[in-house]
Structure formats: C-alpha cells, structure tokens
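Me: I want to learn how to read a protein–DNA complex. Could you take me through the features one by one?

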Number of protein chains: 2
Amino acid sequence: MDELKYSYKYPHPAMASDCVIFGFDGVSIRVLLIQRGVEPFKGKWALPGGFMNIDETAEECARRELEEETGLKNTVVEQFYTFSEVGRDPRERVVSVAHYALVRLSEVKGGDDASMARWFAQEEIPSLAFDHDHILRMAISRLKERICFEPIGFELLPEVFTMTELQNLYEAILGIKFDRRNFYNKMLKLGILSEAEPRPAQASRRVPLRYRFNAMKYAELKQKGFRLEF
Amino acid sequence: MDELKYSYKYPHPAMASDCVIFGFDGVSIRVLLIQRGVEPFKGKWALPGGFMNIDETAEECARRELEEETGLKNTVVEQFYTFSEVGRDPRERVVSVAHYALVRLSEVKGGDDASMARWFAQEEIPSLAFDHDHILRMAISRLKERICFEPIGFELLPEVFTMTELQNLYEAILGIKFDRRNFYNKMLKLGILSEAEPRPAQASRRVPLRYRFNAMKYAELKQKGFRLEF
DNA sequence: ATATTATGCGTAATATTTACGCAATAAGAT
DNA sequence: ATCTTATTGCGTAAATATTACGCATAATAT
C-alpha cells in the first residue's frame, strides 16, 4: 500500500503540465504524440506531459517531461491555457497547465529511448487520452493567432529555406492559399528575410533563392510594433 | 493545532485563482483591488482571489472569490496566465490561475460588505502583495491585445454612450491618441454601433449622438473574421 | 525536341488609411 | 446680451497598402 506522506488541512489537486509540440514536414503541420504505457488510457495516444514536482514551475515541468518522453531538450515552450475541469483525470483531481512549442522534425530522433513518440499529420490524429483532444484544438487556434504577430513559423523550418517552403508553412497553419507573387512581395518588403547565399552568377529562374530568418531586423520591427498580416 | 486531514503520496501545491478587474471612469482605466486583512502582506493591497475548492474549476473559483471579496456577481472572467514560481507565496507552494474581467464601475457598490475593495487609477496603484504587480502588468498587456480583436471595451461603458466616450476608452487602454474624425469614420463603418435614440428634429451639432453596441452585427462580423484595428 | 511548370520581378486597378477642412451650435467668457 | 471657444457630424483629397495579374526564363517532364 502507498505511503501517504504529504498532508494538508484542505484537499489539494495534483498539478501537471502538458505539451502540444508542432512540427512541419514541408507540406502539413504535424503534432508529436506519445502512446501511453500505463493505465488510465493505456495504449491510447496522448500529449507529452506529466506531474509537476513541488520545486519546479509549470514551464520547467513541461520541458522536463518533454525531454523524458520524447528526447527533445531545451525546447522553448509557451504556456497557453490551464485546464481545471473537475473530472478531467479519472485518478484524482489534476489541474494541467498546457504549453505549446514549435520544433523542427529533425530534432526528434526516432528509434531511441523515445520510441513511444510519433509525429502525426493533422488528419491522422486519433482520439486522445484525457481531455487532450480539447487541449490540442485550443493549441491549434492559438498557433493561428500567434503566427500573425510573431514569425514563430521560422522555428518550424530548417535554418535555410525557400520562399515556397515558407508559403507552404503559412498556408498549412492558416488553412488559406495565397497568391505566390503577393506572398513573395509582402515577405520581402517586411525585411525579416536575408538571402542565405550569394546569387549564382548565371541567375537561374527555376532554382529558388534560399533565405534565412533575420532575427535582428525582426527585433527592430517588433520595437515599432508591427503585424505579419494575411 | 491544525488537523491535516488530506494526504497524498507526493506533495501537491495549493491552487488559487486571482482576478484583475478593469473599470473605466470616463477618462482612465481603473483596477479593483482589495486590502488584505490578514498575514501575509496584511494591510497591503492585492488582487481579489483565493484558494480553489477541490470541486470547482479555476474559473468558478475566480468568480466565487470575486463575489465574496467585492460583491461582484456573475462576472464573466477570462483566464490569461498561470503563475507557478516556487516562492511566490510565503506560506506554502501556491499555483495561481490569473483571470481578468471588464466591469462597469457602477456595478461595484461601495460601502457595504465589500468595503475593503477600491478602484485605483493606474497611476495610483501601490505596490501589491505577492507577485500581483507582475500579474497586473501581464493583464494590462493582454487587455491591449484583446481590444484589437474583440469589442471588449463595450463592457466597460454604460449601455448608451457617445463616440467621444468610446474614443476616450480606446485611448486610455492603448495609450494612443486618435484623430477624432477618423475614429468616428472607422467605428461607424464597422457597423457594430446603433444610434440609441431617434435623432432630434432640430439636429444640434454640439450635443453628441448616443450609441449602443449592436451585438447582432458584431456576431455577423465575427463569423467572417474581422479586426478592430488601430 | 517540345510542352509544362516554378521562379523572380514588375505593375495597373482597387481598397484602405491618413490628414485635414468646414459649418453649426452649445457652453463659457466678458 | 454679445463674443469667443470648443465640440460635433460629415466630407474629401492625398498617401499608402492590398489585390489581381502579366511576363520572361530556365529547369523538369514528356
């Protein structure tokens, strides 16, 4: 029988953190899920996450659990909502602080100790454990809002990318198609892209230019208050 | 000595909800604070809030505490961030889900049982108990973001208001001055205002027209996706 | 060889935003 | 009572931004 060592005058809920991890495969957005190995919901897919230690913040908990369950280290996660419905966990009262993060697919190496983790394209995502369907839905809507204010999308692309890849990413997140030439004009005028390589002497019109995100220019723009609008 | 009736295998933090309540006095934004009657921080001003019961959500807790401490009933609160720094409460580990709400000043009746509560203009706000300064700063920045997407400002005004009052509200929240005529044009073109009274036969050019928020028109607009931009 | 497609770059048409002008009149000053 | 000032409703020209395309080129597919 369990030893119940920690006592309080009033009942306390357990605290947890969960993570919605987004990736981009070049065409569509993917979400990193883990398969539960224990009850409850054994065998079901769920968001990475787990119980908070008493000496760590919600964010630290999210990052720790993420590394333990998927191998992702030092991921920048952003809290977006706290789920506190009374019956959301069948074991006991659990309040969960939900976070999201954007990572490059290449950062998750399959095969090793994180073999329970798998990337799912949106249309493949099965029904999830706990209230994780709900958490995921909210994360997706937050992602859409955020991409209009911060160029978070660059975290999903390789360091060097083409304009078409960038457009595909925006289209995948927002679910809208843009005119290729207008997207190109708007992005270049924003000034947050730098050409990654010197242009070839013989300018080909079929091999795309490759860009990288210019964080310095972005910082300047952000100061003035701007908007990545679509 | 306290009886410690609730025991767990692992330590659990206490959960709380806090509320940042915004009002508008016609010129500037105000915040509703309560003065603490007990230690810790006895005598200091703080955000309304308190510990969560084991059978209620964070939002229910926020609304209950708000009513207990300020008399405000049935307030629509919106969660915006969860604060989980380890040392934020000197008594024990407390994780707090912060909420904000917009109410009309007239809804808080002073004098009665809620006599500890008082409205502060932004420049009057003293240093607050716990990490409530931090919570308040974040609430203000969320308020600024939200007002550009949702006409939340209307909850702060009386039901019937003039264009100048509405402009004062936007200027107070965003800290920007607008051209009166452009603000007027933009608001009218949006179509979410209705004239509150028939125009007087002899149209005066000094007595302002009075409007009310047209929730139906707003709902239509929201469907299409729009933006209250400034 | 030939057709097709992706790319870089440009531009006219349209819509939106910004910066003001103006007359009427209530309120305040003299 | 008279004059001055401030506020309001309503326009409108200029500046700016967005949208919808055209086009030449070169890599790729047929």
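The dialogue below goes through symmetry, DNA surfaces, pockets and the cavity.

Reply: One point before we start. This is a predicted model.

Me: Then begin with the two chains. How do I describe how one copy sits relative to the other?

Reply: Two copies of a chain are related by a rotation about an axis and a shift along it. Here a turn of 180° and a shift of 0.0 Å along the axis lay chain A on chain B, with an RMSD of 0.1 Å. That is why the relation is a two-fold axis. The same surface serves both copies: 100% of the contact residues of chain A recur in chain B.

Me: Which residue of chain A comes closest to the rotation axis?

Reply: Ser7(A) does, with its C-alpha at 2.1 Å from the axis.

Me: Now the DNA. How many residues surround DNA strand D, and which are the closest?

Reply: Start with the list of neighbours. For DNA strand D there are 19, and the closest are Arg181(A), Arg206(A), Arg181(B), Tyr184(B) and Leu209(B). Then ask what part of the DNA is approached. Sugar and phosphate make up 43% of the atoms of DNA strand D that come within 4 Å of the protein.

Me: Which elements build that surface, and what classes of residue does it hold?

Reply: Helix α4 (180-190) of chain A and helix α4 (180-190) of chain B each give at least two residues to the surface near DNA strand D. The largest share, 4 residues, is from α4(B). By class, the surface near DNA strand D has 9 charged, 5 polar and 5 nonpolar residues.

Me: And individual side chains? Where on DNA strand D do their polar atoms point up close?

Reply: Sort the atom pairs by the part of the DNA they involve. For bases, an N or O atom in the side chain of Arg206(A) is 2.6 Å from a base nitrogen of DNA strand D. A polar side-chain atom of Arg205(B) is 3.0 Å from a base nitrogen of DNA strand D. For the backbone, look at Tyr184(B): an N or O atom of its side chain is 2.4 Å from a phosphate oxygen of DNA strand D.

Me: Let me try the other strand. Which residues are the closest to DNA strand C?

Reply: Arg181(A), Tyr184(A), Leu209(A), Arg181(B) and Arg206(B) are the closest, out of 18 that surround DNA strand C. Of the atoms of DNA strand C within 4 Å of the protein, 42% are sugar or phosphate, and the rest belong to bases.

Me: Which helix gives the largest share of the surface near DNA strand C?

Reply: Helix α4(A) does, with 4 residues. Helix α4 of each chain, A and B, supplies at least two residues of that surface. Its residues divide into 9 charged, 5 polar and 4 nonpolar.

Me: Which side chains have polar atoms beside the bases of DNA strand C?

Reply: Three arginines are among them. The side chain of Arg206(B) has an N or O atom 2.3 Å from a base nitrogen of DNA strand C. For Arg181(B), an N or O side-chain atom is 2.6 Å from a base nitrogen. Arg180(A) has one 3.1 Å from a base oxygen.

Me: On to empty space. How do I read a pocket?

Reply: Rolling a probe the size of a water molecule over the atoms shows where empty space is left. Next, take volume, lining and class in turn. The largest pocket holds about 1500 Å³. Its lining has 38 residues, with Glu145(A), Phe149(A), Glu145(B), Phe149(B) and Arg227(B) nearest the centre. The lining counts 17 nonpolar, 16 charged and 5 polar residues.

Me: Which elements line the largest pocket?

Reply: In chain A, β6 (78-83), α2 (132-146) and α5 (215-224) each supply at least two residues, as do α2 (132-147) and α5 (215-224) in chain B.

Me: What is the volume of the second largest pocket, and what lies nearest its centre?

Reply: The volume is about 630 Å³. Of 21 lining residues, Ser204(A), Arg205(A), Val207(A), Pro208(A) and Leu209(A) lie nearest the centre. Helix α3(A) gives the largest share of this lining, 3 residues.

Me: How many cavities of 30 Å³ or more are there?

Reply: The search finds 1. The largest cavity has about 60 Å³ of space. Residues from both chains line it, including Tyr100(A), Arg142(A), Phe80(B) and Arg142(B). Strand β6(A) gives the most, with 3 residues. The lining has 4 charged, 3 nonpolar and 1 polar residues.

Methods
Residues are numbered from 1 along each chain as its sequence is written. Chains are lettered from A and ligands numbered from 1 in the order in which they are written. This is a predicted model: local features need pLDDT of at least 70, side-chain atom pairs count only at pLDDT 80 or more; totals for chains, interfaces and linings use all residues. Side-chain values use heavy atoms; hydrogens and water are left out. A residue is near a molecule or strand if one of its heavy atoms lies within 4 Å of it. A polar contact is a pair of N or O atoms within 3.5 Å; within protein, one must be able to donate a hydrogen and the other to accept it, and residues adjacent in sequence count only if both atoms are side-chain atoms. Ala, Val, Leu, Ile, Met, Phe, Trp, Tyr, Cys and Pro count as nonpolar, Asp, Glu, Lys and Arg as charged, and the others, Gly among them, as polar. Copies are superposed by least squares on the C-alpha atoms of residues with pLDDT of at least 70 in both. Contact means heavy atoms within 4.5 Å. On a 1 Å grid over the protein atoms alone, a cavity is a set of points where a 1.4 Å probe fits but cannot get out, and a pocket is an open set with protein on both sides within 12 Å along at least five of seven lines; lining residues have an atom within 4 Å of a point. Grid points are joined across faces, edges and corners, and a volume is the space filled by probe spheres set on the points.
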